[in-house]
Amino acid sequence: TALDQEDGDITPNIVATSTVNTSVVGSYTVTYNVKDSQGLAATPVSRTVNVLENGGGGATTGSITFCLALADKDNVIATSSLSLPAGSFILNLATSTDISSTTIQSKNWTNTAFAPNSKLISGTVNDADCVKYSDLKFGTYYYSELGITGSLWNIAKYSDKYNQPINNVFDFFNYSPELFNATTTDDSSRNMNSDGQITLTVDNRDQSANLYVTYNPAPCTDCGGGGSPVSNLSVTKTVDKTTAGVGDTLTYIVTVTNNGPYNATGVSLAETLPSLLDLVSATSTYGTYSTTTNIWTIGDLPVGHSTTTLTLVGTVKAGAEGQKVTNTVNVTGNQSDNDTSNNTFSVDTNINPAPVPPCTVNCGGGGGNGPIVGSYGGSNGPIVPQVAGASTTSCYYLYDYLRKDFNNNPVEVKKLQVFLRDLEGFSTVDITGVYDDQTIVALNAFQWRYKDDILTPWGHTAPTSYTYILTKKKVNEIYCKTAFPVTTQQQEEIDNYRNFLESLRKEGINIGGGVSVDTINTGAGGSFEDPVTSVNTSSSNSGSASTGLTTLAGISSTTEKIAGDMTANVISAGKRFANTALAFLAWPFGSSFKNLFNRSSECVLGIGIFGWINLFLLIVIIIISYLWYREYKNNKKIEDINKEIDLN
């Protein structure tokens, strides 16, 4: 209808402008206007017309569901009618914006009959009372503002999920009524998620109008100390690397959770990136992180769907080598927290030590005990970080783990071969740079020689034929004459594998043939016996077991004294030298000296004072000569090794 103060009823003068095509299914707009006798026009009014399918071609109906969620002022969502203040709620569904005259459905809720039957917000428990209206023809429908009675209830918020899904209580919005007033100029500014309009189409058959209403309850009388609400906040943190090097990226993920029972407000978290890292990025699923204050401001954090995360990425700075990076976070809120033990969390990352610099002075030769570190044989040998506990100036000889089926570094293999030949006395080892059978034969004999340090800690009862942590450790200790400590991770690996082997043996499981350790066959028609220590398989430590090619070998926690070890050729040379010196210095005793070791003690007492002095001097000369000769031989061997692997 159209009325004018001067002209009266001018309804017949209404002009409709429309683009409706009744032969094409869809939604169309009809605009209405009217002018009085003076030519003055009224404000246009628009209506939506839906053209639906007529007859076959598939279903042309859908559904609209009304859902109501209730919560207290702290957004603690109700899951039953218990303790809800008095109130009622009514929502209408209409076919046009004239709700009062075109209503087709109405839903009335009350506080006493409120019965959640759907998971709307939390995703884990029923938190909304929903009703579904089906068999609605495709087209546009309109829902009213929620009518509320009850003095403690606040105005409702809405979401029809037009382009914003419901993830938490912050995804509901105030009612946007622009479609329901007389003007159309403000329609484009409405919130499409709460504008009271729902359109059913073949692609969107099932829609919903969701409402969220909070109330102001009576003051809390049993909520914790001082009558204030309690929110148990907790924080956890992870880091993607427990060890890293300079320049590596570390990614931290911080998770904050409100474990209730009340919603938390004013939540913030202190997250200061360690000074050994450079910040790359900071992102959060909720709230903001300030790189100036290092505070993550979360704000309100309700119970239920209440987990939010912060991700920080940083790179390790130069100068952090060998240090531990510890990152600690702490979360707080406005409410009392009845468990502060979970408000703080820390994670650690160990930064690898700096590479050992190439040796430039005292690197072998001369004194023979200088450090040998860095790159061996030019570019063929990588600079490897030193073992835990050793200083940057300590000796380091063998770097790599070696095995026959590995892509071994030829320089490292050559160093092992030289060591076995010249320091351990396996004279038939050829220096080839290939981890071949003759090298393995010598290595097995070496492992058996030091089985208590190399094999026993792992539970092996026979050599393994490869060079892993323990074998490499023993080589370095003998060459460098110093201990190489065990890391915690290595000791754990050793213990786990030994326990594994022992459990198999207890079950009567045969773990393999093994390498014979009495006499090791060279594969060339002969045998290779230990030139210093003859291995007897009847001893308590002998045995036969798997070569362990599929295992990760071991590491020793103790090291025998190395400095006093003497190889067979040194002992033999010392004896020859002593016999020569004895013959040379025997003249003061004459025949008495010749009979010294063949007569009884009475004859010895008859030797004169001069003879005893000469005997004492002879012993001193022998000791000094032997010590000099042993040092000379050791130095000569070190020089030969350095020459062999081109270290000088």
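Let's begin with strand 18 and strand 23 (residues 324-332), which pair in the antiparallel sense over four bridges. By pairing I mean that DSSP finds at least two bridges between the two strands. Helices and strands here are DSSP runs, numbered from the N terminus: H or I over at least four residues for a helix, E over at least two for a strand. Within this pairing, Leu269 has Val331 of strand 23 as its bridge partner. Strand 18, residues 264-271, is also joined to strand 21 (residues 295-301), again antiparallel, by five bridges. There, Ala264 stands opposite Leu301.

A word on what you are looking at: this is a predicted model, where local features need pLDDT of at least 70, side-chain atom pairs count only at pLDDT 80 or more, and totals for chains, interfaces and linings use all residues. Residues are numbered from 1 along each chain as its sequence is written, and side-chain values use heavy atoms, with hydrogens and water left out.

Now for the aromatics. The structure holds 18 aromatic pairs. Rings of Phe, Tyr and Trp (its six-membered ring) pair if their centres lie within 6.5 Å; planes under 30 degrees apart count as stacked, over 60 as edge-to-face, and the rest as tilted. One of the pairs is Phe89 with Trp153, edge-to-face, at 5.0 Å centre to centre and 85° between the planes. It links distant parts of the chain, 64 residues apart: Phe89 belongs to strand 7 (residues 88-94), while Trp153 is in the loop between strand 11 (147-149) and strand 12 (157-159). Are these two rings buried or exposed? Phe89 is buried, at 1% relative accessible area, and Trp153 is buried too, at 8%. For the cut-offs, buried means under 20% relative accessible area, exposed over 50%, and partly exposed in between, with a 1.4 Å probe and protein chains only.

Trp458 and Tyr468 make a tilted pair, because their ring centres are 6.3 Å apart and their planes are at 55°. Both residues lie in the loop between helix 4 (451-454) and helix 5 (469-480), so this pair ties together parts that are ten residues apart in sequence. Trp458 and Tyr468 are buried. There is also one aromatic cluster formed by Tyr142, Tyr143, Tyr158, Tyr175 and Phe180.

Some rings have a charge over them, meaning NZ of Lys or CZ of Arg within 6 Å of the ring centre and within 35 degrees of the ring normal. The charged end of Arg403 sits over Tyr466, 5.9 Å from the ring centre. Lys451 does likewise over Trp448, at 4.8 Å.

That Trp448 is one of the buried residues of helix 3. Eleven of the 13 residues in helix 3 are buried, so this helix is largely enclosed by the rest of the structure.

Last stop, helix 6, residues 488-506. Its 19 residues should span 27 Å at 1.5 Å a residue, and the end C-alpha atoms are indeed 27 Å apart; the expected span is 1.5 Å times one less than the number of residues. Which residues of helix 6 are buried? They are Gln490, Ile494, Tyr497, Leu501 and Leu504. Seen down the axis, the buried residues fall within an arc of 95°, so they line one face of the helix; the arc is that of the directions from the helix axis to the C-beta atoms. They pack against helix 5, with contact meaning heavy atoms within 4.5 Å. On the other side of helix 6, Thr488, Gln489 and Lys506 are exposed. Helix 6 is followed by Gly508, with a positive phi near 75°.
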